[in-house]
Amino acid sequence: MSAQSNRTWDRRSILRAAAGLAVAAPLAACGSNNGRGGGSGSGKRLTQMFHAYGEPGVEQALKRYAAAYKKADVATQWITSADYESKLFATLLTDNAPDVFEFHPQIQMVKSGQVADLSDIVDPVKADFNAADIKSHTVDGKIYGVRMIDDPQFFFYRPSLFEKAGVKVPETLDELIEAAAKLTTGKMKGVYLGNDLHSIVNPLIWSAGADTLDDKNRIAYHTPGVIEGLKKLRGLFASGHLLLGAPTDFWDPSSLSQGLCAIQFCGMWAMPQFQQALGDDLGIFPFPKTVDSGKPSVYNGGWSMFVNAKGDNVDAAKEYVKWLWVDQKQYQEDFATSYGFHIPPRSSIAAAATKLKSGLPAQGVKLFNDYGHFDNIGWTQAMIQATWDVIADCVRKDGDPEAALDTCDKAVTRELKKLFG
Amino acid sequence: MSTTTKPALTGPAPAKAAPARTWRGLRGSRTFNFWLFVSPFLAGLIIFIYVPIGWSVYLSFFDARFTVTPSNFIGFDNYTYMLTDPKFVHSLGTFTVFAAFIVPTTWAVSLGLALLVNRLRFMRAFFRSVFFLPTACSYVAASLIWKMSLFSGVRFGLMNTVLGWFGIDDIAWLASPDPPWYWLVIVSARLWLQSGFYMILFLAALQNIPAELYEAAAIDGARPGWQTFRHITLPQLRATSTAVVLLLLVAAYQAFDEFYNLLDKTTWGRPPLVELYYTALGTEQDYGAGSAGAVILTALIVVVTLFQGRIMGFGRGEESK
Amino acid sequence: MTTKRRGGVMGNTGLCIATGVAAFLFLVPFYVLLRNALSTDARITGEHWEFFPTHLQWGNIGELFDDPSVPFARSLLNSLVVAVSMTAGILLVCSLAGYALARIPYRHANKIFYVVLGTLMVPTSVTFVPSFVLVSSLGWVDSYRGLIIPGLFSGFTCFLFRQYFLGFPKELEEAARVDGLGYWGAYWRVVVPNSLNFFAAIATITFINGWNAFLWPLVIGQDPNSWTVQVALSSYITNQTVVFHQIFMAAAISILPLLFVFLFLQRWLVQGIAQTGIKG
């Protein structure tokens, strides 16, 4: 710029310089706008990425744990968008990829070399973990993630409303649909399954006696029972007894606690908030039998910690994960029971978690044990997406379930071929 | 940035190195000046528009999932995948439906508003501002207002509240595709956002119509109102109307914001850009298929534009200059 | 001149009613926005529609900026930086090129012009996937560079400048030439100062577009710290937990700067739209 001011140009040169500055200044400063200094090799800076938990206090808790870690400076990325998967996947491609992130076990992350082998830090405490959680994170004998929390998902309802409408706890999908009809009033819908109904896809499949994939990673969801279930669901969707277009999705307790519906599909995590809003007027039940030959089911979702194998600080990241999610049991218990309710995947912690020992939380644990289905690591995001489209095509839209499942088969087969050949 | 504009800002710098005489010669040289003025822009244009298009053509022949530097050449697989993907094909249909809704309604509403404002005798600036003000809002802000309050599917949405006064049940405007109320939501949001903009165009054109035309028509016995509108106003607005329709079409091609924000995880109501976004940057991270889609879309648009140009003689005037 | 023409023979009442109804409909969304921004959530989601909060919750503003989990202030700053830099950059780069294409005779000028025209056929947003690929391999994701630079080379704006300069009076330039100025000097001392209205019009429109842009910032802004205000707003729409008054207050604040632009720069804006819109 000084070269210019030497010249005897008129005042407009100042204007020009200002314009140039306006463009150049922020650009010059932009290298350091993300709060991370790269720090390649030093191992002193780590980034961890989480989806935004709805329960108050979780973000602060995670930051508190991170601050207590002495060997590295851990920054937290808190993704408020509901589209956590997309944000995570896109970020992993960039220079800003987190070193440590939470996700669900999915095999494509292993196959593409995205997540690091954590066997060495999990193996010593393997026996303390829920065997199903270990299984769902294992590929060819190696363990790729550390389970932090297990989150069973089931229905919450208000017994007082059931009593008033003369409804008993539904044991089949038909009974649920019937109950929804009886519970619907001018101001309140019978049941809420989330705006896009995605959360109940897996329970619907399991409760029909089917599964997502079988042991040999072949399609197992395309059965007459599932088709029947989809048809019933379509009936419910079109009946006017299903809450649609609610401002919050299924994971948020608002719909039931604000009186928009009488039954809501949600998860164990929201139990404290439900109890706070509704007191004792609260009960839970599993996803009922889709068809008579089926069994009730509960999706044991949850979140696990993974280490970005393509990051610059793999070893430091592994060390951090070991410190927080293997060694620091008091933090793990705090995380599982102080904010929302989650079931600790480690038996030693679960045994000590007094909050989950009695009352409704204990019932939740029982559903988890009796009816729970865990993640299948072979069931990847692209396949999940394909089943979401089934719901969109033949439940939310009046399409043919058979055709929708055929479309789904194509997408799932394409994915299976890529993963398993 | 700095690298591309510096030559422009410090253009005279070569004077230091070269003898004054050469500089004077250069300064007068048309070729030198042309490049001095054009090169920053042209370099940027090539780097940020032509190179990406080329790169995406390259990517479209590879299996590029979770990577942008792929190694697995798969020929035309991505193209066959996209062209047989019902979602992508649907998205083209969605665009057509959307354009069929939005172009005529926006045209009519903005022309109507312009006629109203043009005839006002008082508070004209006020009303013009009222209709123009929504242009200040972003599509995201409008989507938020529409989704969370106006067309919220529950009882405290404004539309459902108003319908409730007449004893009509709550309608889930966005959650259920049949009846396709979501079109009402999307079209009304876009109308609100852009009508004011096109109203300004029509207003400017209306004010350019010579008053004598109307006077002459009155002498010929044409009744003010429909007749003069039909025979004088409309024909006089033809150029503006054509421009407005073209602009509306271009805007419709690029529809993304409100669809993305209003319709969550659906298989319907997705225009091409939304579909591409989910293919390439969604959970599948399929840059190969996404690039193939972008190439197909680009080709389609180029063909349509050239075709349009043929019909409307657009751009021919440019060549002669 | 315009009011004279119709004489207002008939339909005056109808005219007033139609205008009033239309204006009412256009203002409803603003009303809803303000009402929700200044209410409590309990009032918003209550059994009955409350027409306007009896107690205005001005504290909602402070609450929004105090909430650490919502990087809203940061996103406002990002939007400001992006919109201002884009405006300045586009004006500079596109006007220079537009001027050369219109006024500097050069053998291959036509070919260059075709290169520019070629980009007009394809709306830039259509190529966002390839652009993202390029920008991410430059390592520009989550940075101002990535947000701003790829958007500076607008073929359309260059085209508008060219059209404008084609109509710029030649005599002025020739006078400058007589004074011994080269193209560069004449451009800055004569052409630009006499085109400030046009520059202001383009600047206003570019600023609005920069502030309201969504797709590109969404693609580039992976890290919440690099979100623009539109991306932040969008994340609230699909957020895990919904706090109505906060969301609507954020939307209201995001619109505020542009309302100022509209109030104070409406002259240029209207002029700009009338000039550039038609030419497009």
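Me: What makes a run of residues a helix or a strand, and how many of each are there in chain A?

Reply: Helices are DSSP runs of H or I with at least four residues and strands are runs of E with at least two, both numbered from the N terminus; chain A has 19 helices and 11 strands, whereas chain B has 17 helices and 0 strands. This is a predicted model, in which local features need pLDDT of at least 70 and side-chain atom pairs count only at pLDDT 80 or more, while totals for chains, interfaces and linings use all residues. Residues are numbered from 1 along each chain as its sequence is written, and chains are lettered from A and ligands numbered from 1 in the order in which they are written.

Me: Why are some residues of chain A called buried, and what share of chain A is that?

Reply: A residue is buried if 20 or more other C-beta atoms, placed from the backbone, lie within 10 Å of its own (12 or fewer makes it exposed, and anything in between partly exposed). Of the 421 residues of chain A, 52% meet that condition, and in chain B, with 321 residues, buried residues make up 46%.

Me: How do you know that chain C touches chain B, and how many residues are in contact?

Reply: Two residues are in contact if their C-beta atoms, placed from the backbone, lie within 7 Å, and by that rule 87 residues of chain C are in contact with 87 residues of chain B. Helix α2 (residues 12-37) of chain C supplies the largest share of the chain C side, 11 residues. That side of chain C divides into 59 nonpolar, 25 polar and 3 charged residues, where Ala, Val, Leu, Ile, Met, Phe, Trp, Tyr, Cys and Pro count as nonpolar, Asp, Glu, Lys and Arg as charged, and the others, Gly among them, as polar.

Me: Which residues make up the side of chain A that touches chain B, by class?

Reply: Here 34 residues of chain A are in contact with 31 residues of chain B, and α18(A) gives the most to the chain A side, with 8 residues. By class, that side of chain A has 14 nonpolar, 11 polar and 9 charged residues.

Me: What makes a set of residues a nonpolar core, and which residues have the most contacts inside the largest one?

Reply: A nonpolar core is a set of buried Ala, Val, Leu, Ile, Met, Phe, Trp, Tyr and Cys residues joined through C-beta atoms within 7 Å. The largest such core has 285 residues, and Val321(A), Ala97(C) and Ala251(C) have the most contacts inside it. Leaving aside neighbours within four places in sequence, Ala251(C) is in contact with Ala141(B), Leu144(B), Ile145(B), Leu33(C) and Leu233(C).

Me: Where do the domains of chain C lie, and what is known of their contact?

Reply: Domain bounds come from an automatic or database domain assignment, which gives domain 1 (11-57) and domain 2 (67-279) of chain C. Their centres, taken over C-alpha atoms, are separated by 33 Å, and 10 residues of domain 1 of chain C are in contact with 7 residues of domain 2 of chain C.

Me: How do you know where in chain C the confidence is lowest or highest?

Reply: The guide is pLDDT, the predictor's confidence in each residue, from 0 to 100; in chain C its mean is 85, and 92% of the residues reach 70 or more. Among the elements of chain C, helix α1 (residues 2-6) has the lowest mean pLDDT (43) and helix α5 (residues 72-103) the highest (95). Over residues 1-10 of chain C, pLDDT stays under 50. Where pLDDT is low, the predicted coordinates should not be read in detail.
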